[in-house]
Every structure is written in C-alpha cells, then in structure tokens.
Amino acid sequence: MIGLFLEEIDIGMKVALGQHTFARQAIVEFANQFDPQKFHLNEADAKAGPFAALSASGWHTAAGWMACFVATNSKARDTLQAAGKHLPEIGPSPGLTNLRWLAPVYVDDRLSYFTTVTHKRDLASRPNWGIVSAFNEGFNQHGKLVFSFEGAVLTAKRS
C-alpha cells in the first residue's frame with residue numbers, strides 16, 4: 001500500500017488517489033465490452049431508462065478507482081525507491097465488501113477517489129504479512145458521494 005510496510009501505515013490515514021473523468025465515448029466503449037445495458041450505450045435509450053441520461057456502468061466507476069489507486073501506488077513506490085528506500089512486496093487483496101453505487105455517473109462527471117485506512121492487523125497464518133482494511137470512496141465534481149466499498153490488502157511487515 002503506497003510503498004509502506006504494515007508498521008508504517010496508520011489507522012485513519014487518508015490517501016487522495018486522483019480523479020477520473022467519464023467521457024461519452026469511454027462510457028459507451030466500456031459498456032459495449034463489459035456491461036451492455038441500454039442506458040450505458042446510447043442517449044435515446046438512456047433517456048427512457050432509470051437515470052434519464054447516458055450514465056457510466058458501475059463497474060466503470062470501480063475501474064476508475066482501481067486505475068487511480070494503481071497510479072498513486074506506483075508513483076509513491078517510485079518516489080521511495082528513488083530515495084533509496086527498501087520497498088515491501090505487494091500483496092493481493094482478499095476481496096471487498098459493501099460495494100455501493102449511490103448515484104449515477106453521467107457524461108463528463110469527474111470523480112475524485114480516496115482510500116482511508118480503517119483497520120490493520122497481523123496475519124496469523126503468514127507471520128511476515130498483515131492485512132490492511134480501508135474504506136474507499138468516489139465523489140463527483142459536486143462533492144456528492146457516488147461510489148464506495150470496503151476493501152483489504154495483504155501488506156508485508158518490515159520484520
């Protein structure tokens with residue numbers, strides 16, 4: 001997690017992951033490939049749909065979060081490595097819970113993504129690893145929470 005060992009991560013630490021703008025063409029291309037529902041594919045069908053306008057797939061908003069997380073994590077690791085710091089191995093995620101799409105994401109909406117550490121603990125089955133839990137959010141340009149989930153990631157310990 002952003003180049004830090006388990007011991008260096010504090011509960012309550014909030015990381016701004018960046019922003020992603022949902023362009024019309026990207027919404028339609030993503031939907032064609034991964035979520036081909038009418039209200040994600042064209043304006044006419046979307047107007048008659050549940051959101052009254054073309055909207056991004058919820059999975060597209062999740063992919064935007066992941067893209068921002070990966071970019072932020074890579075940049076932090078590159079900075080630490082350039083400073084000569086020893087970096088932890090990157091661990092997998094055991095999954096996520098409470099995935100919520102709270103409001104539609106429309107054409108040209110810009111989401112700002114965040115992750116906030118909520119818990120950490122040693123992993124009993126693997127003594128060199130711990131697990132970090134976080135609450136993850138996406139807010140649109142109006143400050144409205146439109147996407148959230150709770151996630152976890154295995155994080156290497158320094159010792």
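**Exercise 1.** In this predicted model, find what joins the side chains of arginine 24 and glutamate 43, then place both residues in their helices.

*Solution.* Start with the side chains: arginine 24 and glutamate 43 form a salt bridge, with 2.8 Å from N to O. Next, look at where they sit. Arginine 24 belongs to helix H1 (residues 24-34) and glutamate 43 to helix H3 (residues 43-47), so the bridge ties together parts 19 residues apart in sequence. Finally, check the exposure of each partner. Arginine 24 has a relative accessible area of 44% and is partly exposed; glutamate 43, at 28%, is partly exposed as well.

**Exercise 2.** Which residue forms a salt bridge with aspartate 122, and is that residue buried or exposed?

*Solution.* The partner is lysine 157, and the closest N and O atoms are 3.3 Å apart. Lysine 157 lies in the segment after E5, while aspartate 122 is in strand E3 (residues 110-122), so this pair ties together parts 35 residues apart in sequence. Now for the accessibility: lysine 157 has a relative accessible area of 16%, and because buried means under 20%, lysine 157 is buried. Aspartate 122, at 47%, is partly exposed.

**Exercise 3.** How many salt bridges does a search of the whole structure find, and which parts of the chain does the pair of glutamate 8 and arginine 158 link?

*Solution.* The search finds three. One of them joins the side chains of glutamate 8 and arginine 158, at 2.7 Å from N to O. This pair links distant parts of the chain: glutamate 8 comes in the segment before strand E1 (14-21), and arginine 158 in the segment after strand E5 (145-156), 150 residues away. As for exposure, glutamate 8 is partly exposed at 33% relative accessible area, and arginine 158 is partly exposed at 48%.

**Exercise 4.** Turn to the nonpolar residues: how many does the largest nonpolar core have, and which elements give two or more residues to this core?

*Solution.* The largest core has 29 residues. Those with the most contacts inside this core are Ile9, Met13, Leu17, Phe22, Trp65, Tyr113 and Phe147. The elements that give two or more residues are E1, helix H4 (58-82), E3 and E5. Apart from this core lies another, of seven residues, including Leu123, Trp129, Ile131 and Ala152.

To finish, take a friendly look around methionine 13. Leaving out residues up to four places away in sequence, methionine 13 touches Met1, Ile2, Leu4, Thr115, Thr116 and Val117.

Key:
Residues are numbered from 1 along each chain as its sequence is written. This is a predicted model: local features need pLDDT of at least 70, side-chain atom pairs count only at pLDDT 80 or more; totals for chains, interfaces and linings use all residues. Side-chain values use heavy atoms; hydrogens and water are left out. A salt bridge is a side-chain nitrogen of Lys or Arg within 4 Å of a carboxyl oxygen of Asp or Glu. Helices (H or I, at least four residues) and strands (E, at least two) are DSSP runs, numbered from the N terminus. Buried means under 20% relative accessible area, exposed over 50%, partly exposed in between (1.4 Å probe, protein chains only). A nonpolar core is a set of buried Ala, Val, Leu, Ile, Met, Phe, Trp, Tyr and Cys residues joined through side-chain atoms within 4.5 Å. Contact means heavy atoms within 4.5 Å.
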